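The paragraphs below lead the reader through a single protein chain, beginning with confidence and then turning to its salt bridges. Please keep the sequence and the structure in view while reading.

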Amino acid sequence: MGVVIVGPSGCGKSTIISLLKNALIKLGATIRHDTVNPKSMTKNQLLGFIDPDTRQWTNGVLTSIAQSIYNEPQDMECWVHCDGDIDPEWIESLNSVLDDNRLLTLPSGWRIQFGDNVHFIFETDSLSHASPATVSRMGVIFMRYISI
């Protein structure tokens, strides 16, 4: 369900993702690719929140993408690409998605069951803030910068 590509800036993480996407498209795959920088927003902006006064649910960026992906046909590959530092504040909320059950439970209590066509890609320079529980749920690709 999830893969994390770890390496310093400029080592080719984005290039690898782009090459894979282009290769799959040439092989006939249809790919929806949504990219988010989770560190550029608060947890509420990312995952959504319930207003304590009105009890009204407001979607976050990631939850809006998740709901939109849920409606895609099963033959479309959907990539949710989180480009930026991994922070335990928001990544722990995705542990249930990265499990075998592929279930996203939103703070509102709604549950979104993803199919085999949905994949999460994390692009970061370090896993120092990710818990062992999160890392064990993903494939990890380590890259390093090589000067030519």
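What pLDDT does the chain average, and what percentage of the residues score at least 70? The model is a predicted one. Its chain has an average pLDDT of 89, and 98% of the residues reach a score of at least 70. Confidence is highest in strand 2, residues 30-36, where the mean is 96. It is lowest in helix 4, residues 88-91, with a mean of 83.

A UniProt record, an unreviewed entry, gives the feature "domain: ATPase dynein-related AAA" at residues 2-138. Of this span, 30% is helix and 27% is strand. The C-alpha atoms at the two ends of residues 2-138 lie 5 Å apart.

The salt bridges may be considered next. How many are there? The count comes to five. One of them joins D99 and R137, whose closest N and O atoms are 2.5 Å apart. This pair links distant parts of the chain, with the two positions 38 residues apart in numbering. D99 belongs to the loop between helix 5 (95-98) and strand 6 (103-105), while R137 belongs to the loop between helix 6 (132-135) and strand 9 (139-142). Is D99 buried or exposed? Its relative accessibility is 25%, so D99 counts as partly exposed, because the partly exposed class lies between under 20% for buried and over 50% for exposed. R137 is likewise partly exposed, because its relative accessible area is 28%.

A further salt bridge forms between D116 and R102, with the closest N and O atoms 3.6 Å apart. D116 lies in the loop between strand 7 (111-113) and strand 8 (118-124), and R102 in the loop between helix 5 and strand 6; the pair therefore ties together parts that are 14 residues apart in sequence. D116 is exposed, because its relative accessible area is 60%. R102, by contrast, has a relative accessible area of 14% and is therefore buried.

Which residues are joined into one network by salt bridges that share partners? The network consists of R32, D34 and E72. Within this group, R32 forms a salt bridge with D34, and their closest N and O atoms are 2.6 Å apart. Both R32 and D34 are buried.

Definitions and conventions: Residues numbered from 1 in each chain as written. Predicted model: local features only at pLDDT ≥ 70, side-chain atom pairs only at ≥ 80, totals over all residues. Heavy atoms only, no water. pLDDT = per-residue confidence, 0-100. Helix = DSSP H or I, 4+ residues; strand = E, 2+ residues; numbered from the N terminus. Salt bridge = Lys/Arg side-chain N within 4 Å of Asp/Glu carboxyl O. Buried < 20%, exposed > 50% of the residue type's maximum accessible area, 1.4 Å probe, protein only. UniProt positions renumbered as here; feature names shortened; annotations may be inferred.
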